[in-house]
Amino acid sequence: MTAGSRGDVAPYTGLGQALRAAGHRVTVATHGTFHGLVTGSGLAFRPLPGDPYAAQLTPGGRRLHRLGGGLRGTAEFVRQGRRYLDDLATGLVDVGADADVLLLATTTAPLGYSVAQRHGIPSIGVFLQPVAPTGDFPPVLLGDRSFGPVGNRALGRGAEAVSARAYDRSSRRLRHQLGLPPVPLASLLKQARRSGWPVLHGFSPSVLPRPADWRPGLEVVGYWWPADDPHWTPPPELTGFLRDGPPPVLITFGSMAVLDAELPALVGTALRRAGVRAIVQAGWGGLRVGGDGVRPVSNHGVLAVGDVPHDWLLPRVAAVVHHAGAGTTAAGLRAGVPAVTVPLIADQPFWAARLTRLGVAAEPLPARRLTADRLADAIRTVLDRPTYAQRARHLAGRIAAEDGHAAVLRAVDRVTRR
């Protein structure tokens, strides 16, 4: 069960294929928007309410993008989430009745825990974000500015309490519909901690090591990669563009549907000043720089593309400019290419700062303070200093040696044998 943007769904398609190859029947419950993504991976699909693309285009969604990260953005994120969670809870009532085990993403775990309880089946957290309190870093929605071990841990507990309050009304309604006692969500979460409820985190310990102060049962196991599409082939204009010049820079903002109206002109100016060829991926925001197809930018060029698998494209570019969403961040690290990050909302500032600390990205350029000069300078920085690419390739090698799928398979085997 997962909810959110494409980056909150795609990693579970590859994980689902690994489970299926091990002999399991796999159903992915998520928004109808991702029906093709799931079924195209050979997995069964169960729809959940909500349209993450349309939600971003509402007045509330646009306001959330204007606020960005930090305390104000987090408060708005939680406030808007309450309405969305009521619908999600209703959609979960009939999900899981025919399952032997539930795998719950960060966004669905507070509700899915009760669904598993109702059907008397085990559940496992499969999280893409580190949300448990720790002294090592602050809550992911607050960015990566450390407040010291005591401050980070206190903020983490506070964020956990705020999240429980945001989900509590929806959790109570869901439990009523499921015929379960009206237990507060905070009590359910405490029960999960005391029982050692297993949570596996699908990111690399080489990127973010497991905090030593986490309770037993919380593990960092490595990335889960999106499923490959065996029927996809690159269009001739893309292969020709790549062949006809030096490796370009990729510009992509993924599932961010709300982009500043000035961004296309800003990016075009930055590319001219940096003197680079570029591939611009439209994404949910419909980003276009230089028009459709190949258009000249000084004596270089820009190619506009739609949905191109990142595991194919990213190894062929010199650097990637992106929003630091968890999925795109992972893809860039896997490809071993340096990054320029332009974080907008949610956990993006956290991952952007993490890439900088790892030495594989320039200093983050928050979207609200982005200028053409800053973007051009950052692009030239990661291209002109070989250490960025060297560190990126080294980290990619370490990530390639990890097998996040195997840890989930072992965990599923443990709980289903009880």
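These legends accompany close-up views of a predicted model.

**Figure 1. Overview of the predicted chain.**
The model is a prediction. The chain has 418 residues, and 53% of them are buried. Its secondary structure comprises 16 helices and 12 strands. Among contacts with a separation of 6 or more, 64% join residues 24 or more positions apart. Salt bridges number 11 across the whole structure.

**Figure 2. Helix 1 against helix 16.**
Helix 1 spans residues 10-21, and helix 16 spans residues 404-416. The two pack at an angle of about 55 degrees. Their axes lie 10 Å apart. That angle makes helix 1 oblique to helix 16, because it falls outside the ranges set for roughly parallel, roughly perpendicular and roughly antiparallel pairs. The crossing of helix 1 over helix 16 is right-handed. Helix 1 contributes Gly14, Leu15, Ala18 and Leu19 to the contact. Helix 16 contributes His405, Val408, Leu409 and Val412. Six residues of this contact are nonpolar and two are polar. None is charged.

**Figure 3. Helix 6 and its packing on helix 8.**
Helix 6 runs through residues 109-119 and is mostly covered. Of its 11 residues, eight are buried. The buried residues are Ala109, Pro110, Leu111, Gly112, Tyr113, Ser114, Val115 and Ala116. Gly120 follows the helix with a positive phi, near 65 degrees.

Helix 8 covers residues 185-194. Helix 6 and helix 8 pack at about 75 degrees, with 11 Å between their axes. The two helices are therefore roughly perpendicular to each other. From helix 6, the residues in contact are Pro110, Tyr113, Ser114 and Gln117. They meet Leu185, Leu188, Gln191 and Ala192 of helix 8. By class, this contact holds five nonpolar and three polar residues. It has no charged residues. Pro110, Tyr113 and Ser114 of helix 6 also appear among its buried residues.

**Figure 4. The salt bridge between Arg173 and Asp86.**
Arg173 and Asp86 form a salt bridge. Their closest N and O atoms are 3.2 Å apart. The pair links distant parts of the chain, with the two positions 87 residues apart in numbering. Arg173 sits in helix 7, residues 148-178. Asp86 sits in helix 5, residues 70-92. Arg173 counts as partly exposed because its relative accessibility is 46%. Asp86, at 13% relative accessibility, counts as buried, because the cut-off for burial is under 20%.

**Figure 5. Two further salt bridges, and a network around Arg169.**
The side chains of Arg210 and Glu219 meet in a salt bridge, at 3.6 Å from N to O. Arg210 is partly exposed, with a relative accessible area of 28%. Glu219 is also partly exposed, at 34% relative accessibility. Arg243 and Asp244 form another salt bridge, at 3.9 Å from N to O. Both of these residues are exposed.

Shared partners join Asp86, Arg169 and Arg173 into one network of salt bridges. Arg169 lies in helix 7. Its relative accessible area is 40%, so Arg169 is partly exposed. The C-alpha atoms of Arg169 and Arg83 are separated by 9.9 Å. Along the chain, Arg169 and Arg83 are 86 residues apart.

**Figure 6. Phe203 and its surroundings.**
Phe203 lies in the loop between strand 5 (199-201) and strand 6 (218-220). Phe203 counts as buried because its relative accessibility is 1%. Its contacts, leaving aside neighbours within four places in sequence, include Leu128, Gln129 and Pro130. Leu208 and Trp351 are also in contact with Phe203. So are Val220, Val221, Gly222 and Tyr223. The C-alpha atoms of Phe203 and Gly404 are separated by 7.9 Å. Along the chain, Phe203 and Gly404 are 201 residues apart.

Conventions. Residues are numbered from 1 along each chain as its sequence is written. This is a predicted model: local features need pLDDT of at least 70, side-chain atom pairs count only at pLDDT 80 or more; totals for chains, interfaces and linings use all residues. Side-chain values use heavy atoms; hydrogens and water are left out. Axes are lines fitted to C-alpha atoms, for helices over the stretch in contact, and angles run from 0 to 180 degrees between N-to-C directions. Helices (H or I, at least four residues) and strands (E, at least two) are DSSP runs, numbered from the N terminus. Angles under 35 degrees count as roughly parallel, over 145 as roughly antiparallel, 65 to 115 as roughly perpendicular and the rest as oblique. A crossing is left-handed if the near helix is turned anticlockwise from the far one by less than a right angle, and right-handed if clockwise. Contact means heavy atoms within 4.5 Å. Ala, Val, Leu, Ile, Met, Phe, Trp, Tyr, Cys and Pro count as nonpolar, Asp, Glu, Lys and Arg as charged, and the others, Gly among them, as polar. A salt bridge is a side-chain nitrogen of Lys or Arg within 4 Å of a carboxyl oxygen of Asp or Glu. Buried means under 20% relative accessible area, exposed over 50%, partly exposed in between (1.4 Å probe, protein chains only).
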